[in-house]
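Open the model in your viewer, show its surface alongside its cartoon, and follow the stops below in order.

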Amino acid sequence: MLPPAPASAYKCESTSESAGNHLPSPEEVEQPLCLECMRVLSDKVDKEVEDVNRDIKAYEACFKRLEGEARDVLSEADFLKEKLKIEEEERKLEAAIEETEKQCAKVNAEMKELELKSCRFKELEERSHEEERDAILAKIEVSQAHLELLKRTNVLNDAFPIWHDGEFGTINNFRLGRLPKIPVEWDEINAAWGQACLLLHTMAQYFRPKFLEKMSMLFAVK
């Protein structure tokens, strides 16, 4: 904090000082002054002395205040020691920043790799879904074709194929009947009629027809 400006720096506007400004300095006086001029000059000198004393007191008060304040001045050795400490901390901070940047770059690389793996996984998942869908559609198509085949298939025709063998009707390749010139074995004839009866019974169980009369069949026995 600077001391206040000396009082001598300010101009006095009194009439006596104004008049004294026109008086010559003591060095310039080569002849005795009158009593009035001497009084004015003396007042001027006293005023300047008073201003100087006031300035001295202000400077002394400021000096005492500065001396009373605690001063923490480092020695050269302590300054160098503190400087080295700060430089070491700065190097540590730079190393930490460099390590952090390396870790950040590593994390960014891992993130990019994970993004690539995620994209590949999504592609594989979509491809797997497409393949699974195509496989299911193929199975559905095969099942529908099999169903259409089954719809067109007559189980009774497959179980009891009826056809002819020359002059004889056949069921499951068994001939129904015999002729004088072609003596068919009775076992074959009985088997043929047994197949016919089984066919009739199966049809009755499946279609549930209403018979008007009960029917009885006689099987030829050899």
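Begin this tour of a predicted model by selecting Val107, Met111 and Leu114, which together make up a nonpolar patch on the surface, with about 280 Å² of accessible area between them. Keep Val107 highlighted and switch to the cartoon, where you will find that Val107 belongs to helix 3. Is Val107 buried, partly exposed or exposed? Its relative accessibility is 43%, so Val107 counts as partly exposed, because that class lies between the limit of under 20% for buried and over 50% for exposed.

Next, select Glu123, Glu125, Glu126, Glu130 and Glu131, and colour the surface by charge, since here these residues gather into a patch of negative charge. Pick out Glu131 from this group and return to the cartoon, which places Glu131 in helix 3, the helix that covers residues 76-152. With a relative accessibility of 52%, Glu131 counts as exposed, because exposed means over 50%.

Now zoom out and colour the whole chain by secondary structure. How many helices and strands does the protein have? There are five helices and three strands, and if you trace them along the sequence you will meet them in the pattern α-α-α-α-β-β-β-α.

With the full surface shown, consider that the protein exposes about 19900 Å², of which carbon and sulfur atoms supply 58%. If you then colour by burial, buried residues make up 10% of the 222 residues in the protein. Finally, display the contacts with a separation of 6 or more, and note that 40% of these join residues 24 or more positions apart.

How values were computed. Residues are numbered from 1 along each chain as its sequence is written. This is a predicted model: local features need pLDDT of at least 70, side-chain atom pairs count only at pLDDT 80 or more; totals for chains, interfaces and linings use all residues. Side-chain values use heavy atoms; hydrogens and water are left out. Patches are made of residues with over 30% relative accessible area and no salt bridge: like charges are joined within 9 Å, nonpolar side chains (Val, Leu, Ile, Met, Phe, Trp, Tyr) within 5 Å. Accessible areas come from the Shrake-Rupley method with a 1.4 Å probe; for residues, only the protein chains shown count as cover. A salt bridge is a side-chain nitrogen of Lys or Arg within 4 Å of a carboxyl oxygen of Asp or Glu. Lys and Arg count as positive and Asp and Glu as negative; His and the chain ends are not counted. The place of a charge is taken as NZ of Lys, CZ of Arg, CG of Asp or CD of Glu. Helices (H or I, at least four residues) and strands (E, at least two) are DSSP runs, numbered from the N terminus. Buried means under 20% relative accessible area, exposed over 50%, partly exposed in between (1.4 Å probe, protein chains only). Contact means heavy atoms within 4.5 Å.
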